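This briefing goes through one protein chain by topic. Please look at the sequence and the structure below before reading the points.

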Amino acid sequence: MSMASQQHMEKMQLRQNYRNFWHTDLTNTIKADTPYCCFALWCGPCVSYLLRKRALYDDMSRYVCCAGYMPCSGRCGESKCPEFCLATEVFCCFGNSVASTRFLLQDEFNIQTTQCDNCIIAFMFCLQQVACVFSIIAMIVGSSELQEASQILSCLSDMVYCTVCACMQTQHKVEMDKRDGVFGPPAMAVPPFQHMSRLDQPYPSSVGYAQPVYGQPYPQAQGYPQPAYPSSGYR
């Protein structure tokens, strides 16, 4: 296993132990903000662009391709034209853009990956794999019945994918509403650049929010500790 893969696995395991929860889980996002969920369903890439920019506190100097979670991150000329790079990311790598914003929020706000959300996301991926296998089998066998079944399964897979991505994006939007004080006083000030966590930067254990309950607003922040990692990071 490569060093990058090992770091990725360690970071995924670390998210299981974070102390906080999303303001709303995936099963309740439609109820939490129905208009925005519909907007995310029909204009997914545009929503992904807006959410990533908002997650970066509208400071595009912080932008790194796929939020620093991919091998190409920091090597795509983001510092010269971050808006164009982000637009390319959300249209060409939509799934990665949604996941990267999710990881960015989780690592910044110490939000754990819940079993319920994991099951929904895993079901989406499994359905995509099954649809792909059926399509390959139908192509090899040449059976019209199998081809029709594979097309139905592919359509179902696409519908589930679009729905789950829309729910995830609504979940991210609601979480940032909580961060920005829509549900009460603002949770915290804009963090330094170094605290926009990456795979190679462990999240400071002293930064977090008490009482991890759905719908619980963040208490007033007490400030950030000095980072334990180099400040150069990804720029």
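The notes below cover the fold, helix packing, aromatic pairs, charges over rings and selected loop residues.

The model is predicted. The chain has eight helices and zero strands. Of its 235 residues, 43% are buried.

**Fold and annotated segment**

- Read along the sequence, the pattern is α-α-α-α-α-α-α-α, in line with a secondary structure of eight helices and zero strands.
- The UniProt record, an unreviewed entry, carries the annotation "transmembrane region" for residues 120-141.
- In the model, residues 120-141 are 100% helix and 0% strand. The C-alpha atoms at the two ends of this stretch are 32 Å apart.

**Helix packing**

- Two packed helices are described by the angle between their axes and the distance between the axes. Two helix pairs are treated here in those terms.
- For α4 and α6, the axes come within 10 Å and cross at roughly 25 degrees. An angle under 35 degrees counts as roughly parallel, and α4 and α6 are therefore roughly parallel to each other.
- The crossing in which α4 passes α6 is left-handed.
- For α3 and helix α8 (residues 144-179), the axes come within 8 Å and the crossing angle is roughly 130 degrees. That angle makes α3 oblique to α8.
- α3 and α8 cross in a right-handed sense.

**Aromatic pairs**

- How many aromatic pairs does the count come to? The count is three aromatic pairs. Two of the pairs are described here, beginning with tyrosine 36 and phenylalanine 39, which form an edge-to-face pair with 5.8 Å centre to centre and 85 degrees between the planes.
- Tyrosine 36 and phenylalanine 39 both belong to helix α3 (residues 34-42). Because they are three residues apart in that helix, about one helical turn separates them.
- Tyrosine 36 is buried, at a relative accessible area of 15%, while phenylalanine 39 is partly exposed, at 32%.
- The rings of tyrosine 69 and phenylalanine 103 have centres 5.5 Å apart and planes at 70 degrees. Planes over 60 degrees apart count as edge-to-face, so this pair is edge-to-face.
- Tyrosine 69 and phenylalanine 103 are 34 residues apart, and their pair links distant parts of the chain. Tyrosine 69 is in the loop between α4 (44-55) and α5 (82-92), and phenylalanine 103 is in helix α6 (residues 94-109).
- Are tyrosine 69 and phenylalanine 103 buried or exposed? Both residues are buried.

**Charges over rings**

- Lysine 173 lies over the face of tyrosine 36, at 5.3 Å from the ring centre. Tyrosine 36 is also a member of the edge-to-face pair with phenylalanine 39.
- Which ring has the charged end of arginine 179 over it? The ring is that of tyrosine 57, with the charged end 4.1 Å from its centre.

**Tyrosine 57**

- Tyrosine 57 lies in the loop between α4 and α5.
- Its relative accessible area is 16%. Buried means under 20%, so tyrosine 57 is buried.
- Tyrosine 57 and methionine 176 are 119 residues apart in sequence, yet their C-alpha atoms are 9.8 Å apart in space.
- Tyrosine 57 is not a glycine, but has a positive phi of about 60 degrees. Most residues other than glycine have a negative phi.

**Loop between α6 and α7**

- Asparagine 110 lies in the loop between α6 and α7, and counts as buried at 5% relative accessibility.
- Asparagine 110 has a positive phi of about 60 degrees, although it is not a glycine.
- Threonine 113 is found in the loop between α6 and α7 (115-141). With 13% relative accessibility, threonine 113 counts as buried.
- What distance separates the C-alpha atoms of threonine 113 and arginine 19? The separation is 9.9 Å, for residues that are 94 apart along the chain.

Definitions and conventions: Residues are numbered from 1 along each chain as its sequence is written. This is a predicted model: local features need pLDDT of at least 70, side-chain atom pairs count only at pLDDT 80 or more; totals for chains, interfaces and linings use all residues. Side-chain values use heavy atoms; hydrogens and water are left out. Rings of Phe, Tyr and Trp (its six-membered ring) pair if their centres lie within 6.5 Å; planes under 30 degrees apart count as stacked, over 60 as edge-to-face and the rest as tilted. Helices (H or I, at least four residues) and strands (E, at least two) are DSSP runs, numbered from the N terminus. Buried means under 20% relative accessible area, exposed over 50%, partly exposed in between (1.4 Å probe, protein chains only). A charge sits over a ring if NZ of Lys or CZ of Arg is within 6 Å of the ring centre and within 35 degrees of the ring normal. UniProt positions are given in the numbering used here, feature names are shortened, and annotations may be inferred rather than shown by experiment. Axes are lines fitted to C-alpha atoms, for helices over the stretch in contact, and angles run from 0 to 180 degrees between N-to-C directions. Angles under 35 degrees count as roughly parallel, over 145 as roughly antiparallel, 65 to 115 as roughly perpendicular and the rest as oblique. A crossing is left-handed if the near helix is turned anticlockwise from the far one by less than a right angle, and right-handed if clockwise.
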